[in-house]
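User: Please take a close look at the sheet in this model. I would like to know how the strands are paired and what packs on them.

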Amino acid sequence: MLLASLWVSNLVLASDQEQELGVVVDQTITPIGKRFYQQFAYQRHYLYPDTPFSVSIYEQPSARSGSIITIKGADTQITRFILSFASNWEDARVQGLVQSVENQVRRLKLLNALVDNPDLAKDGY
């Protein structure tokens with residue numbers, strides 16, 4: 001009986017830990033956007049393997065300038081930039097972006113936790 005309760009409690013702890021890990025959601029369209037997503041997700045997993053925050057990468061292709069990349073976290077736009085066809089995203093540049101995005105997401109989560117205004121709805125209406 002004791003072994004069964006320990007096994008069940010370990011399963012509950014494992015499932016709680018799995019729910020806390022953040023993911024990078026891919027909403028890109030073009031091969032350039034997919035390549036950027038792969039670099040970003042790899043570097044984020046390498047730098048912050050246990051982060052509980054999820055982010056989404058959106059792409060709006062443009063024939064003139066490349067693609068407009070928008071990164072959102074906690075339903076808020078964190079950064080937006082143009083990913084041109086000729087741009088070379090080396091690892092150091094992607095690592096800097098990952099660190100910036102992670103810091104901004106953490107700041108947003110902290111502000112949302114500290115600022116609790118009962119007059120405002122959570123969804124912004």
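Analyst: The sheet comes first, then the helices that pack on it.

This is a predicted model, in which local features need pLDDT of at least 70, side-chain atom pairs count only at pLDDT 80 or more, and totals for chains, interfaces and linings use all residues. Residues are numbered from 1 along each chain as its sequence is written, and side-chain values use heavy atoms, with hydrogens and water left out.

The protein chain holds 3 helices and 4 strands. Helices (H or I, at least four residues) and strands (E, at least two) are DSSP runs, numbered from the N terminus. Their order from the N terminus is α-β-α-β-β-β-α.

The 4 strands form an open sheet in the order 1-2-3-4, with mixed pairing. Two strands pair if DSSP finds at least two bridges between them. Strand 1 (24-27) and strand 4 (76-83) are the edges; each has a single partner strand, so one side of each is left without a neighbour in the sheet. On average, neighbouring strands are turned by 20 degrees against each other, direction ignored.

Strand 2 (residues 55-62) and strand 3 (residues 66-73) run antiparallel, joined by 8 bridges. In this pair, S56 stands opposite K72 of strand 3. Strand 3 also runs antiparallel to strand 4, through 7 bridges. There K72 stands opposite Q77 in strand 4. Strand 3 and strand 4 form a hairpin with 2 residues between them. A74, in the turn, has a positive phi of about 55 degrees.

Now the packing. Helix 2 lies across strand 1, strand 2, strand 3 and strand 4. Helix 2 runs at about 180 degrees to strand 1. Axes are lines fitted to C-alpha atoms, for helices over the stretch in contact, and angles run from 0 to 180 degrees between N-to-C directions. Helix 3 also packs on the sheet, touching strand 2, strand 3 and strand 4 (contact means heavy atoms within 4.5 Å). The direction of helix 3 makes about 160 degrees with that of strand 4.

The two helices also meet. The axes of helix 2 (residues 31-47) and helix 3 (residues 91-114) come within 9 Å and cross at roughly 65 degrees. That makes helix 2 roughly perpendicular to helix 3 (65 to 115 degrees counts as roughly perpendicular). From helix 2, the contact includes F36, F40 and L47; from helix 3, V94, L97 and V98 are among the partners. The contact residues divide into 7 nonpolar, 4 polar and 3 charged. Here Ala, Val, Leu, Ile, Met, Phe, Trp, Tyr, Cys and Pro count as nonpolar, Asp, Glu, Lys and Arg as charged, and the others, Gly among them, as polar.

How values were computed. Parallel < 35°, antiparallel > 145°, perpendicular 65-115°, else oblique.
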